[in-house]
Amino acid sequence: MPDWEKSSTARVIPPARPRKLAKVPFVELADGRLQGVVSSGSDIGRVYVSSVAAGAYTFACSTNNNRPCGGARGSFCHHILALINEAVLQYGAERVARYLRVEIAAGEPSTQAIIAGMSATPPPQGHTGAAAPVFSRFLRHLAYLELAPTTAPLPEMQWFPPTPVVA
Amino acid sequence: MVSADSCGGLMRADLLAGTIAGLDDALAAVDAFDRVLVAGLFRPQPAQAAGLTQLAHAVAGTPLASRVAEAAEKAAGAAGEDHFVALAAARTAVLGSVHDALMTQVTAATGRPGPAEIGPAEIGAAEIGTSPGGGPPAANLLQAGRCWLSDLARSGWRGLDHDLVSGSAQLVSAMLPDPALRRLATLLDGFAAELAVACPSAAGERIPARRWADL
């Protein structure tokens, strides 16, 4: 077996990069989609659940109460553009492009190149059925903040260091 | 080489370069078992049966011998949780022996006290899963955890799917609020997150076999 496969400390998930959470409080590459939660630009009490599927780039955007987003008709709305932008900040353009299976025509992958790559043919609009599970994943992440604090050592976290390890 | 501390003892670097009898065999048995988990135990192929036998042979001279031998035999499709626990115990025992052998070598080379002289009480693993009040451990949650891990062992790293991986979500959510279970919940949560990133895994993609088997 190659060394990486024989290493207990092999890095499987690259560390997330820091980013501001006000506009896009939640973004993840999971379930075959880039998906997340985007704050409404006009109403502080409203959020949109947005997603783009890997491969086909099927997109969907709706409020968490399942009202469709007015901007997501025929092409990506600005919530989805903000989602892609923040995903690139968190994961890096290369990993986002690879996950969504976007062909980058030339040069380095970037937010613009990823959006251009997905918009070359108009992406299909999907149904908003995924909004509920995505939103519940967001709530699950929020629930970490509600766990009772304890000062007991948690050595298991050494399995998942927040900084890159030297292979 | 003279060590930096005031004792002025000599470090025997030559001892570090020596080979340890059986070390390669022990690690080969672990590697063989780790390869078994890549494809899973649901429908084991002959190569996997051989890997299980290799692990069983590695603990043949220990008190685990009969249970692991039985588990290696039964693992062909009909393995239950007890069998998986026996195999996991065998893997842990073999890696523990590797650890001890390496520590003995380091101790001999440096002349410093080994961990045994510091005292086994430092290792707190025995406390995991017991409530702070000394009450019974959350047996049903631990049982559910073993059940999920057994399902992973059956499917193998190549057979992962989103449903199987996300099967741990409820369990982790139930375990995290209990400080006594938080250490185990952290491991399960982090492990499941890694599996979710990797699945569905394409045949050509590399698998962190040692790490996932450890976890």
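**Helix packing in chain A and the contacts of chain B**

On one face of helix α4 of chain A, opposite the side that carries its buried residues, A:S136, A:L139 and A:A143 are exposed. The model described here is predicted. The buried residues of α4(A) are A:A131, A:V134, A:F135, A:R137 and A:F138. Because these buried residues cover an arc of only 155 degrees around the axis, they fall on the same side of α4(A). Four strands of chain A pack against the buried residues of the helix, namely β1 (26-30), β2 (33-39), β3 (47-53) and β4 (59-63). In its dimensions, α4(A) comprises residues 131-143, 13 in number, and reaches 18 Å from its first C-alpha to its last, close to the 18 Å expected at 1.5 Å a residue.

These elements belong to a chain whose secondary structure comes to four helices and four strands. The order of elements in chain A, from the N terminus on, is β-β-β-β-α-α-α-α. The C-alpha trace of chain A spans about 50 × 45 × 25 Å along its principal axes. Of the 167 residues in chain A, 31% are buried. Among contacts in chain A between residues at least 6 apart in sequence, those that join residues at least 24 apart make up 52%.

Helix α1 of chain A (residues 78-91) has 10 of its 14 residues buried and is therefore largely enclosed by the rest of the structure. The buried residues of α1(A) are A:H79, A:I80, A:A82, A:L83, A:I84, A:N85, A:E86, A:A87, A:V88 and A:Y91. The cover over these residues includes the strands β1, β2, β3 and β4 together with the helices α2 (93-100) and α3 (111-119) of chain A. The strands β1 to β4 of chain A thus recur in the packing of both helices, since they cover buried residues of α1(A) and pack against those of α4(A). The end C-alpha atoms of α1(A) are 20 Å apart, which agrees with the 20 Å that its 14 residues should span at 1.5 Å a residue. Just after α1(A), a positive phi of about 90 degrees is found at A:G92.

The contact between the two chains takes 21 residues from chain A and 24 residues from chain B. On the side of chain B that touches chain A, the elements giving two or more residues are α10 (182-198) and α11 (209-214) of chain B. Helix α10(B) provides the largest share of that side, with 10 residues. By class, the residues of the side of chain B that touches chain A divide into 12 nonpolar, four polar and eight charged.

Within chain B, the domain assignment gives domain 1 (13-123) and domain 2 (126-214). Contact between these domains involves 12 residues of domain 1 and 14 residues of domain 2 of chain B. The side of domain 1 that touches domain 2 receives at least two residues from each of α2 (23-39) and α5 (81-110) of chain B. Its largest share, six residues, comes from α2(B). In residue class, this side of domain 1 of chain B has seven nonpolar, one polar and four charged residues.

Definitions and conventions. Residues are numbered from 1 along each chain as its sequence is written. Chains are lettered from A and ligands numbered from 1 in the order in which they are written. This is a predicted model: local features need pLDDT of at least 70, side-chain atom pairs count only at pLDDT 80 or more; totals for chains, interfaces and linings use all residues. The expected span of a helix is 1.5 Å times one less than its number of residues. A residue is buried if 20 or more other C-beta atoms lie within 10 Å of its own, exposed if 12 or fewer, and partly exposed in between; C-beta atoms are placed from the backbone. The arc is that of the directions from the helix axis to the C-beta atoms. Two residues are in contact if their C-beta atoms, placed from the backbone, lie within 7 Å. Ala, Val, Leu, Ile, Met, Phe, Trp, Tyr, Cys and Pro count as nonpolar, Asp, Glu, Lys and Arg as charged, and the others, Gly among them, as polar. Domain bounds come from an automatic or database domain assignment.
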